[in-house]
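Me: Please take a close look at one part of this model, the surface that the protein turns to the DNA. I would like a connected account rather than a list.

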There are 2 protein chains.
Amino acid sequence: MQKQTKKQESTGKGARWRWRGRLWLEGPEGTFLGYGRVVLLERIREYGSLASAARSMEMSYKHAWDLLASMTRQAGCPLVVTVRGGKGGGGATLTPAGEKAIGLFWKYHDRFQRELTWMSAELQKLFCGEEKPKAKRGTS
Amino acid sequence: MQKQTKKQESTGKGARWRWRGRLWLEGPEGTFLGYGRVVLLERIREYGSLASAARSMEMSYKHAWDLLASMTRQAGCPLVVTVRGGKGGGGATLTPAGEKAIGLFWKYHDRFQRELTWMSAELQKLFCGEEKPKAKRGTS
DNA sequence: GATCGTTATGTTTTTGATAATATAACGACC
DNA sequence: GGTCGTTATATTATCAAAAACATAACGATC
């Protein structure tokens, strides 16, 4: 039985809150690096091709290609070098700039997630409960 | 003088980056407090009615009502007290819990925005440029 | 009791983002 | 030179979220 003190929780919902958030790096064209884009880059590194990277994320090839184009356009230098035709039909591999983009994003992403965790830990009493201890100070 | 050094900018794109993000408080049902929801609460306080609050944000009344219902459901206590019929047709005013929700959100939102500003300030050299300063401490 | 702007709640329409589909070109390799 | 899986690009279809629309009920005030 989840008896517990049942003092705060008994407001009907047993509400437990946490802060969540999204973080992205924005450039002149809009989003430049975000979670999905960076995972895509990582998958390209893992699979060596844009097509299978997209498949692995259940993302359409076109969408992946568009994201990559957007990143390349904004970065000013390619994050991925692509080859078409030839052995295996072609492929894609990360450039050093691409590697650096991944590292940069995760660095800040992790910092942000940590911050969210701290923030959530601060959420104890929420507004519903009577926040006036009143402490029997006579002012009834 | 908006001349500035124009040294970094000359990489072709004039790329200037900044971190952006979104923050919301999540409860058992999903989003509980987010930017739009809190602004809605503030507008209700300002206008004294849900209908005109929605209008002021160019939001449909139904959408506003749904958001409010979601918040109330999750909070466990009403953030807004509504009156229908009567003088002026009715209205809506914030409860203390509603006020507190607004304050809570902005507190964390502001902290988050400050964090984003700091993070953005750290973004000087991005990956494209040669990241080797090679001595040369004073940027002329 | 007629009026008014509101709350309350459905139902339908729009629309924007994503997925699906189609097709061409590529080039090493057999 | 035919094959293969890829890059590259355009067009169409799907779907879910938001808007738009519709309607009923409410109750102080006149």
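Reply: The account below goes through the DNA strands in turn, then turns to the protein behind them.

The model is predicted, so local features are given only at pLDDT of at least 70 and side-chain atom pairs only at pLDDT 80 or more, while totals for chains, interfaces and linings use all residues. Residues count from 1 along each chain as its sequence is written, chains are lettered from A and ligands numbered from 1 in the order in which they are written, and side-chain values use heavy atoms, without hydrogens or water.

Start with DNA strand D. A residue is near a strand if one of its heavy atoms lies within 4 Å of it. Around DNA strand D there are 22 residues, and A:Leu50, A:Trp65, A:Gly89, B:Gly85 and B:Gly86 come nearest. Sugar or phosphate makes up 67% of the strand D atoms within 4 Å of the protein, and bases supply the rest.

Polar contacts here are pairs of N or O atoms within 3.5 Å; within protein, one atom must be able to donate a hydrogen and the other to accept it, and residues adjacent in sequence count only if both atoms are side-chain atoms. On strand D, a polar side-chain atom of A:Thr82 is 3.0 Å from a phosphate oxygen. The side chain of A:Arg84 has an N or O atom 3.4 Å from a sugar or linking oxygen of strand D. A base nitrogen of the strand is 2.8 Å from a backbone N or O atom of A:Gly89.

Helices (H or I, at least four residues) and strands (E, at least two) are DSSP runs numbered from the N terminus. At least two residues of the surface near strand D come from each of α2 (50-56), α3 (61-75), β3 (80-84) and β4 (90-94) of chain A, and from α3 (61-75) of chain B. By class this surface has six nonpolar, ten polar and six charged residues; Ala, Val, Leu, Ile, Met, Phe, Trp, Tyr, Cys and Pro count as nonpolar, Asp, Glu, Lys and Arg as charged, and the others, Gly among them, as polar.

DNA strand C has 23 residues around it, the closest being A:Gly85, B:Leu50, B:Lys62, B:Trp65 and B:Gly89. Of its atoms within 4 Å of the protein, 67% are sugar and phosphate. A side-chain N or O atom of B:Tyr61 lies 3.5 Å from a base nitrogen of strand C, and one of B:Arg84 lies 3.3 Å from a sugar or linking oxygen. A polar backbone atom of B:Gly89 is 2.8 Å from a base nitrogen of strand C. Two or more residues of this surface come from α3 of chain A, and from α2 (50-56), α3, β3 (80-84) and β4 (90-94) of chain B. Its residues divide into six nonpolar, ten polar and seven charged.

Just past β4 of chain B, in the loop that leads to α4 (96-121), is B:Thr95. B:Thr95 counts as buried because its relative accessibility is 13% (buried is under 20% relative accessible area, exposed over 50%, partly exposed in between; 1.4 Å probe, protein chains only). Its side chain reaches the backbone oxygen of B:Pro78 at 2.9 Å. Apart from neighbours within four places in sequence, B:Thr95 is in contact (heavy atoms within 4.5 Å) with B:Pro78, B:Leu79, B:Val80 and B:Val81.

As background, chain A has four helices and four strands, in the order β-β-α-α-α-β-β-α from the N terminus.
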